[in-house]
Amino acid sequence: MNSIVSFLNGGGLGAVILIVVLIVLAFNAFFVVKQQNAVIIERLGRFSAILGAGLHAKVPFIDRKAATVSLRTMKNGFDIDVKTQDNVTIGLEVSVQYHVSYERGETPAQSGVYKSYYMLQQPVAQMRDFITDALRSSIPVYTLDEVFAKKDDIAKDVNATVSGQMAAYGFTLVSTLITKIALPAEVEKSMNDINAAQRKRAAAQELAEADRIRRVTEAAAEAEAMEKAGEGIAGQRKAIALGIKDSLETIQETGVGGDEANQLFMFTQWTEMMTEFARAGKSSTVVLPSDFTQTASTFEQMLAATKADDN
């Protein structure tokens with residue numbers, strides 16, 4: 001204990017104070033700048049230098065770190081109301097990606113880091129004003145439908161316009177996107193109703209066209225069937241006529257006269273008809289000729305029986 005007191009009395013306290021001061025100065029003099037950042041150094045309140053990532057030194061109590069500027073790409077979203085050419089007020093959700101300009105310039109004062117810190121106090125608010133002004137200048141020349149169809153082109157034009165304005169303040173716009181177009185409730189309902197009506201009309205037209213095709217197809221098939229049926233009936237009648245002709249010629253070859261042959265053929269046909277009638281007829285009463293020698297009457301009665309069978 002006495003030795004410690006003796007050391008302090010002999011000048012040791014001054015040495016300790018000196019060591020503490022040096023340590024404090026060392027911590028204040030050296031610092032590290034992280035990746036993708038830049039530090040602005042001011043000396044006695046005046047701009048001195050821009051330092052990038054790494055270990056750096058400054059004069060304690062004379063130099064100070066005025067700001068740490070991020071060089072990363074940042075993102076902000078804005079909600080902006082605009083009016084279209086057809087007087088519809090819509091809400092746009094705009095997303096903007098931007099970063100501090102990487103331009104160094106010929107002098108530090110011309111660099112993007114310098115401009116972003118010293119020339120604009122509220123860059124995000126100013127960017128919003130520029131974008132709002134650009135949109136409210138471009139949207140009114142488009143109708144509501146055109147805004148939906150050309151929103152990407154509108155966003156590109158706005159990005160080009162605002163990029164030029166923000167470049168003067170040390171910022172670069174990477175992209176400007178219109179991510180959503182919000183409509184008033186009544187306008188949205190009207191558009192949905194119009195869309196539904198158009199779809200119903202298209203569906204009705206398709207159904208009508210399908211029905212027309214079906215009817216045309218059925219009519220064509222029916223006409224073809226009737227044509228084929230007519231050809232069949234004509235062929236059948238021709239075959240019957242040839243059969244009758246061959247039968248009469250065969251009867252006449254036996255020496256029977258023409259009139260007798262006709263009467264015999266008619267009687268044979270009548271007999272076959274009555275046989276078929278007896279086998280599959282539906283009538284319960286049959287009128288037979290009273291005298292088979294009266295061939296004309298027989299034929300007339302045969303025709304009458306045929307009609308009765310049809311009924």
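This is a short tour of a predicted model, stop by stop.

**Whole chain**

Start with the full chain in cartoon view. Its secondary structure comes to 8 helices and 8 strands. Colour by accessibility next: of the 311 residues, 24% count as buried. If you draw a contact map, residues 24 or more positions apart account for 61% of the contacts with a separation of 6 or more.

**Strand β3 and helix α2**

Select residues 46–51, which are strand β3, and residues 112–118, which are helix α2. Show the side chains of Phe 47, Tyr 114, Tyr 117 and Tyr 118; these four form one aromatic cluster. In the chain the count of aromatic pairs comes to 5.

Keep Phe 47 and Tyr 114 on screen. Their rings form an edge-to-face pair, 5.0 Å centre to centre with 90° between the planes. Phe 47 belongs to β3 and Tyr 114 to α2, so the pair links distant parts of the chain, 67 residues apart.

Now swap Tyr 114 for Tyr 118. Phe 47 and Tyr 118 also make an edge-to-face pair, here with 6.1 Å between the centres and 85° between the planes. This pair too joins strand β3 to helix α2, and the two residues are 71 apart along the chain.

Are Phe 47 and Tyr 118 buried, partly exposed or exposed? The buried class ends at 20% relative accessible area and the exposed class begins over 50%. Phe 47 has a relative accessibility of 23% and therefore counts as partly exposed. Tyr 118, at 30%, is partly exposed as well.

Go back to Tyr 114 in helix α2 and list its contacts. Leaving out residues up to four places away in sequence, Tyr 114 touches Phe 47, Ile 50, Pro 108, Ala 109 and Met 119. For a backbone distance, pick the C-alpha atoms of Tyr 114 and Ala 49: they are separated by 9.4 Å, with these positions 65 residues apart along the chain.

**Helices α3 and α5**

Select residues 123–138 (α3) and 151–167 (α5). How do the two helices lie relative to each other? Their axes come within 9 Å and cross at roughly 135°. An angle over 145° would count as roughly antiparallel and one from 65 to 115° as roughly perpendicular; α3 and α5 are therefore oblique to each other. The crossing is right-handed.

Show the side chains where the helices meet. From α3 the contact is made by Pro 123, Met 127, Phe 130, Ile 131, Ala 134, Leu 135 and Ser 138. From α5 come Ile 154, Val 158, Val 162, Gln 165 and Met 166. Coloured by residue class, the contact shows 10 nonpolar residues, 2 polar and no charged.

**Two loops with positive phi**

Select the loop between β1 (30–33) and β2 (37–43), and in it Gln 36. Gln 36 is not a glycine, yet its phi is positive, near 60°. With 34% relative accessibility, Gln 36 counts as partly exposed.

The last stop is the loop between β6 (74–83) and β7 (89–100), where Asn 87 is found. Asn 87 also has a positive phi, about 60°, although it is not a glycine. Its relative accessible area is 60%, so Asn 87 is exposed.

Terms used:
Residues are numbered from 1 along each chain as its sequence is written. This is a predicted model: local features need pLDDT of at least 70, side-chain atom pairs count only at pLDDT 80 or more; totals for chains, interfaces and linings use all residues. Side-chain values use heavy atoms; hydrogens and water are left out. Axes are lines fitted to C-alpha atoms, for helices over the stretch in contact, and angles run from 0 to 180 degrees between N-to-C directions. Helices (H or I, at least four residues) and strands (E, at least two) are DSSP runs, numbered from the N terminus. Angles under 35 degrees count as roughly parallel, over 145 as roughly antiparallel, 65 to 115 as roughly perpendicular and the rest as oblique. A crossing is left-handed if the near helix is turned anticlockwise from the far one by less than a right angle, and right-handed if clockwise. Contact means heavy atoms within 4.5 Å. Ala, Val, Leu, Ile, Met, Phe, Trp, Tyr, Cys and Pro count as nonpolar, Asp, Glu, Lys and Arg as charged, and the others, Gly among them, as polar. Rings of Phe, Tyr and Trp (its six-membered ring) pair if their centres lie within 6.5 Å; planes under 30 degrees apart count as stacked, over 60 as edge-to-face and the rest as tilted. Buried means under 20% relative accessible area, exposed over 50%, partly exposed in between (1.4 Å probe, protein chains only).
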